[in-house]
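Student: I should like to go through the terms applied to this model and the grounds for each. May we take them one at a time?

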Amino acid sequence: MTSGDIVQDSFLQSVLSASTQARLDCESLIDLTEQSAVSSSQSLSADTKLHLSRQQRQLNSDLASLRDASRESIFEVRMTKQSTSEARQEVDRLHLHLQNLYYEERHLRGEIYACESYDHQYQQLPLIPLEEFLELQPEHKDSNDEKSLMFARINHELAERESLEQQRQGLLKTKQSLITDNKKRKDDLASLDKDLETFIDVRVVYHVWNEADCI
């Protein structure tokens, strides 16, 4: 597997290509230098000198390209680090937000459970059995809404209690009226007893006087 198979980025591939070309030009220049060293006793031909000059310029051009690529890669690395840091900060922010959502979810679930398990006072009301209520009000037999059904049962119980309270108040008024009437009759009877005693006393005195006159 070659480096070209491993590196997929186009910029890095161009850097590898420039590096390879610089290496080849450098090797070619070394070969020409060695050949020139072998024939150093002889003067170099104009073509050889021109060829060496061209190879030198080509190598310098390759090295300049590598230096440019190096600077660009350093800039890209810095930009990548910056973008990575920003992305990490965003991930940390989202992670913290997610943790807050998890905490809020647990809190809300706890509140929901507390509400569902709360011993409401309406559950302790002495309501009539459901079957009896449905017989009295059959329009609720097909209702699947437990909340509405419970409201209907409570309203029915309230109406029954208000009716009973009105009956109780009526009976209390009747009782009070009977008590007042009985008291009046007792007072009348007491007055009648007093009048009767007075009448008896008078009759006794009158009878005594009559007997005295006869003697």
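Tutor: Let us begin with H156, in a model that is predicted. Leaving aside neighbours within four places in sequence, H156 is in contact with I128, F133, L136 and Q137.

Student: What makes these four residues contacts of H156?

Tutor: Contact requires heavy atoms within 4.5 Å. I128, F133, L136 and Q137 are in contact with H156 by that cut-off.

Student: Why is H156 called buried?

Tutor: The relative accessible area of H156 is 10%. Buried means under 20%, so H156 is buried. This residue lies in helix α5.

Student: What makes the pairing of E90 and R93 a salt bridge?

Tutor: The rule asks for a side-chain nitrogen of Lys or Arg within 4 Å of a carboxyl oxygen of Asp or Glu. For E90 and R93 the N to O value is 2.6 Å, so the pair satisfies the rule. Both residues lie in helix α3, residues 46–116, three residues apart, about one turn of the helix.

Student: Why are E90 and R93 each called partly exposed?

Tutor: The term covers values between the limits of 20% and 50%. E90 has 36% relative accessibility, so E90 is partly exposed. R93 has a relative accessible area of 47%, and therefore R93 is partly exposed as well.

Student: How do you know that E105 forms a salt bridge with R109?

Tutor: Their closest N and O atoms are 3.2 Å apart, and the limit is 4 Å, so the name applies. E105 and R109 also lie in helix α3, four residues apart, about one turn of the helix.

Student: Which term, exposed or partly exposed, belongs to E105, and which to R109?

Tutor: E105 stands at 35% relative accessibility, so E105 counts as partly exposed. R109 has 56%; exposed means over 50%, and therefore R109 is exposed.

Student: What makes R185 and D181 a salt bridge?

Tutor: The N to O value for R185 and D181 is 3.4 Å, and this falls within 4 Å, so the pair qualifies. Both residues lie in helix α5, residues 146–214, four residues apart, about one turn of the helix. R185 is exposed because its relative accessible area is 52%. D181 is partly exposed because its relative accessibility is 29%.

Student: How many salt bridges does the rule give?

Tutor: The count comes to eight. Among them are E90 with R93, E105 with R109 and R185 with D181.

Student: Why is E131 called exposed, and Q21 partly exposed?

Tutor: E131 has a relative accessible area of 54%, so E131 is exposed. Q21 has 36%, and therefore Q21 is partly exposed. E131 is found in helix α4, residues 130–136, and Q21 in helix α2, residues 10–38.

Student: How far apart, C-alpha to C-alpha, are Q21 and L63, and E131 and K141?

Tutor: Q21 and L63 are 9.7 Å apart in space and 42 residues apart in sequence. E131 and K141 are 9.3 Å apart in space and 10 residues apart in sequence.

Student: What makes L196, F199, I200 and V204 a nonpolar patch?

Tutor: A patch residue needs over 30% relative accessible area and no salt bridge, with nonpolar side chains joined within 5 Å. L196, F199, I200 and V204 form such a patch on the surface, with about 380 Å² of accessible area together. One of these residues, F199, lies in helix α5.

Conventions: Residues are numbered from 1 along each chain as its sequence is written. This is a predicted model: local features need pLDDT of at least 70, side-chain atom pairs count only at pLDDT 80 or more; totals for chains, interfaces and linings use all residues. Side-chain values use heavy atoms; hydrogens and water are left out. Helices (H or I, at least four residues) and strands (E, at least two) are DSSP runs, numbered from the N terminus. Buried means under 20% relative accessible area, exposed over 50%, partly exposed in between (1.4 Å probe, protein chains only). Patches are made of residues with over 30% relative accessible area and no salt bridge: like charges are joined within 9 Å, nonpolar side chains (Val, Leu, Ile, Met, Phe, Trp, Tyr) within 5 Å. Accessible areas come from the Shrake-Rupley method with a 1.4 Å probe; for residues, only the protein chains shown count as cover.
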